[in-house]
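Work through the exercises below with the sequence and the coordinates open. Try each task before reading its solution.

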Amino acid sequence: SGVYHAIANGRITLELVAENSYTTVPSTRGQATGKRFYFATDGWGTGAVAAFAYEDADIELYDLNDDTLLHSTSILAGEYWWQVGLEDRQLRLESSGEVEVWAGNTEGSSNIEDLGDDISYAGGRLGREYFLHSLREGFVIFAPFDNTEINVDQKQYSLNKDEYLHFPECC
């Protein structure tokens, strides 16, 4: 059916990976704003991320596959930072101030107004339990903390900080 049930012993974050869409990414605190975010981008158009500053913020964007610092910038409260060309990646964004993050891919142009035409927000229950669908591109579960135990449809996984699981598309 493509529907999965995930339960973790601590907070996890996730990204539904879909062409032509984007996600309002929850922070590691399980809220819409925060200072650390885990997410994936898709290169269907061009992988992209936007960070909206609620406070002055120094932002760093890392590739989770090799911990490479991809981008570093500073933005003032009330401004936003926009980055395209990220393609298919699993990423971590760290910020010194409170920000909100949108991530996905573009359609049409590489401008922010063309960031997908579908939106999702993965809220779940208390950042530990989610019902997920693999959609057309799968989904990614991220562990923001060490010793994270995740049960997905009765199969157990163990992850440490900055590790992730990518579940492919189904059906």
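The exercises concern a predicted model.

**Exercise 1. The nonpolar cores**

Task: Find which residues touch the most other members of the largest nonpolar core, and which strands supply it.

Solution:
- Step 1. Start with the membership. The largest nonpolar core has 17 residues.
- Step 2. Rank the members by contacts. Phe39 and Leu93 touch the most other members.
- Step 3. Assign the core to strands. E4 (33-41), E5 (47-53), E6 (57-63) and E9 (89-105) each supply at least two residues.
- Step 4. Pick the main contributor. E9 gives the most to this core, with five residues.
- Step 5. Look beyond this core. Another core, of 16 residues, lies apart from it. Its members include Ala6, Leu14, Tyr130 and Phe167.
- Background: nonpolar side chains tend to be buried together in soluble globular proteins.

**Exercise 2. Two acidic residues**

Task: Place glutamate 129 and decide whether it is buried or exposed. Then find the polar side-chain partners of aspartate 162.

Solution:
- Step 1. Locate glutamate 129. It sits in strand E11, residues 129-133.
- Step 2. Apply the cut-off. Glutamate 129 has a relative accessible area of 17%, and buried means under 20%. Glutamate 129 is therefore buried.
- Step 3. Find its partner. The side chains of glutamate 129 and histidine 5 make a polar contact of 2.6 Å.
- Step 4. Turn to aspartate 162. It lies in the loop between E14 (155-159) and E15 (163-167).
- Step 5. List its polar side-chain contacts. One, of 2.4 Å, goes to tyrosine 38. Another, of 2.6 Å, goes to arginine 92.
- Step 6. Widen the search to contacts beyond four places in sequence. Aspartate 162 then touches Arg36, Tyr38, Leu64, Arg92 and Ala143.

**Exercise 3. Around threonine 13**

Task: Describe the surroundings of threonine 13 and give its C-alpha separation from proline 26.

Solution:
- Step 1. Place the residue. Threonine 13 is in strand E2, residues 13-16.
- Step 2. Check its accessibility. The value is 2%. Threonine 13 counts as buried because this is under 20%.
- Step 3. Compare sequence and space. Threonine 13 and proline 26 are 13 residues apart along the chain. Their C-alpha atoms are separated by 6.9 Å.
- Step 4. Collect contacts, leaving out residues up to four places away in sequence. Among them are Pro26, Ser27 and Thr28, along with Tyr38. Val140, Ile141, Phe142 and Pro144 are also touched by threonine 13.

**Exercise 4. A hairpin and positive phi angles**

Task: In which sense do E6 and E7 pair, parallel or antiparallel? Then examine the phi angles of aspartate 67, glutamate 87 and glutamine 154.

Solution:
- Step 1. Read the pairing. E6 and E7 (68-75) pair in the antiparallel sense over seven bridges.
- Step 2. Fix the register. Isoleucine 59 stands opposite threonine 73 in E7.
- Step 3. Inspect the turn. The two strands form a hairpin with four residues between them. Aspartate 67 in this turn has a positive phi of about 60 degrees.
- Step 4. Recall the usual sign. Most residues other than glycine have a negative phi.
- Step 5. Examine glutamate 87. Its phi is positive, about 55 degrees. Glutamate 87 lies in the loop between E8 (80-83) and E9. At 37% relative accessibility, it is partly exposed.
- Step 6. Examine glutamine 154. Its phi is positive, about 70 degrees. Glutamine 154 lies in the loop between E13 (148-152) and E14. Its relative accessibility of 73% is over 50%, so it counts as exposed.

Definitions and conventions:
Residues are numbered from 1 along each chain as its sequence is written. This is a predicted model: local features need pLDDT of at least 70, side-chain atom pairs count only at pLDDT 80 or more; totals for chains, interfaces and linings use all residues. Side-chain values use heavy atoms; hydrogens and water are left out. A nonpolar core is a set of buried Ala, Val, Leu, Ile, Met, Phe, Trp, Tyr and Cys residues joined through side-chain atoms within 4.5 Å. Buried means under 20% relative accessible area, exposed over 50%, partly exposed in between (1.4 Å probe, protein chains only). A polar contact is a pair of N or O atoms within 3.5 Å; within protein, one must be able to donate a hydrogen and the other to accept it, and residues adjacent in sequence count only if both atoms are side-chain atoms. Contact means heavy atoms within 4.5 Å. Two strands pair if DSSP finds at least two bridges between them.
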